[in-house]
Amino acid sequence: MSKIATIIKPLLPILSAVYGLALIYLTALPIADGEGGLAHEALVWILTLAAILLTYFVVIPIERKAYPESRQFSLKLPTFPVAAGLLLLAPLWLTMQEFIVYALTSLVHPVQTEPLVCTPDELREDLLAGVHAVFLAPILEELCYRQLPISPFRRRWVQILVCVIMAVLFGILHIRNFMGASLAALLFGLVYIWSRNIWYAILLHAGSNLTATLLAIYSTLGFGEIQTCKIPVIFLPDWKVFVASFLFAVLGVALLKRKRY
């Protein structure tokens with residue numbers, strides 16, 4: 001390892017967070033003025049895809065050359081049963097996460113919730129944003145906030161320490177949802193360290209975002225009621241969602257047991 005790489009290595013968590021923040025800011029510029037619509041969202045999708053390709057095919061290979069130990073983590077796509085299992089586990093995780101955030105926030109001050117209500121226009125905007133949140137944002141965010149800062153470190157305790165640091169930084173990035181985003185990032189990071197494969201974290205992240213989008217549809221169509229709070233951002237689903245999430249998780253665990261290394 002060169003002297004420059006040795007000096008930079010302790011700074012990788014901060015550098016990765018700054019790099020990720022810069023990419024996220026640049027990809028969000030088309031909607032920074034508050035205007036939505038398909039054209040603006042499509043431009044966000046294109047810019048995010050370009051950022052993913054840059055990170056995946058340029059930045060990560062450079063890092064792997066500078067820090068050969070980062071190759072201990074795989075970039076290979078998991079098998080279909082594993083991918084499906086992770087997506088099915090996500091709803092239960094998101095449900096538990098929301099209740100944890102609610103409980104912890106309630107210890108500090110009362111949390112005022114109200115039924116989630118979306119107009120047709122708001123739902124349309126949420127669905128357009130959901131495409132980005134499910135298919136693109138998880139890849140970019142996990143590459144920047146998990147793959148880049150964690151993989152160069154060989155010792156497990158250092159990886160976990162970096163995971164915690166990145167969870168806090170990820171929470172700051174989602175300031176209105178600091179606690180929920182930090183908890184989610186901590187889980188994604190630990191799953192990444194355990195699995196040694198960034199796609200495990202990406203799929204769990206994508207499944208969580210997909211669940212949040214489906215909850216908005218669920219509530220808007222009148223299938224059930226979702227209690228929500230804006231600051232901090234909390235979505236408390238009804239018992240039907242909780243039961244369905246539990247059943248999905250059971251199926252997800254069954255699929256994960258069939259995984260092949």
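A residue is called buried here when its relative accessible area is under 20%. With that cut-off in hand, a walk through this predicted model can begin at helix 5.

Helix 5 covers residues 120–135, and four of its residues, Leu123, Gly130, His132 and Val134, are buried. The neighbours that these buried residues pack against are helix 3, helix 6 (137–150) and helix 9 (198–220). The length of helix 5 can be checked with simple arithmetic: at 1.5 Å a residue, its 16 residues should span 22 Å, and the C-alpha atoms at its ends are 23 Å apart, so the two values agree. Helix 5 also has a bend of about 25 degrees, located at Ala129.

The packing of helix 5 against helix 3 leads on to Thr48, a residue of helix 3 (residues 38–66). Is Thr48 buried or exposed? Its relative accessible area is 1%, and because the cut-off for buried is under 20%, Thr48 counts as buried. Beyond its neighbours up to four places away in sequence, Thr48 touches Thr27, His132, Leu136 and Leu140. One of these partners, His132, has already appeared among the buried residues of helix 5. And what lies 2.8 Å from a polar atom of the Thr48 side chain? That atom is the backbone oxygen of Val44.

A second buried position is found in helix 8 (residues 178–195), which contains Ile193. The relative accessible area of Ile193 is 3%, so this residue too falls under the 20% cut-off and is buried. Setting aside residues within four places in sequence, the contacts of Ile193 are Phe73, Ile150, Arg156, Gln159, Ile160 and Cys163. For Ile160, the C-alpha atom is 7.7 Å from that of Ile193, although 33 residues separate the pair along the chain.

Two features of the backbone complete the picture. Arg196, in the loop between helix 8 and helix 9, has a phi near 60 degrees, which is a positive value in a residue other than glycine. Further along, the loop between strand 2 (227–229) and strand 3 (234–236) holds Pro232. The peptide bond that joins Ile231 to Pro232 is cis, and its omega is near -5 degrees.

Definitions and conventions:
Residues are numbered from 1 along each chain as its sequence is written. This is a predicted model: local features need pLDDT of at least 70, side-chain atom pairs count only at pLDDT 80 or more; totals for chains, interfaces and linings use all residues. Side-chain values use heavy atoms; hydrogens and water are left out. Buried means under 20% relative accessible area, exposed over 50%, partly exposed in between (1.4 Å probe, protein chains only). A polar contact is a pair of N or O atoms within 3.5 Å; within protein, one must be able to donate a hydrogen and the other to accept it, and residues adjacent in sequence count only if both atoms are side-chain atoms. Contact means heavy atoms within 4.5 Å. The expected span of a helix is 1.5 Å times one less than its number of residues. The bend at a residue is the angle between axes fitted to the seven residues ending there and the seven starting there.
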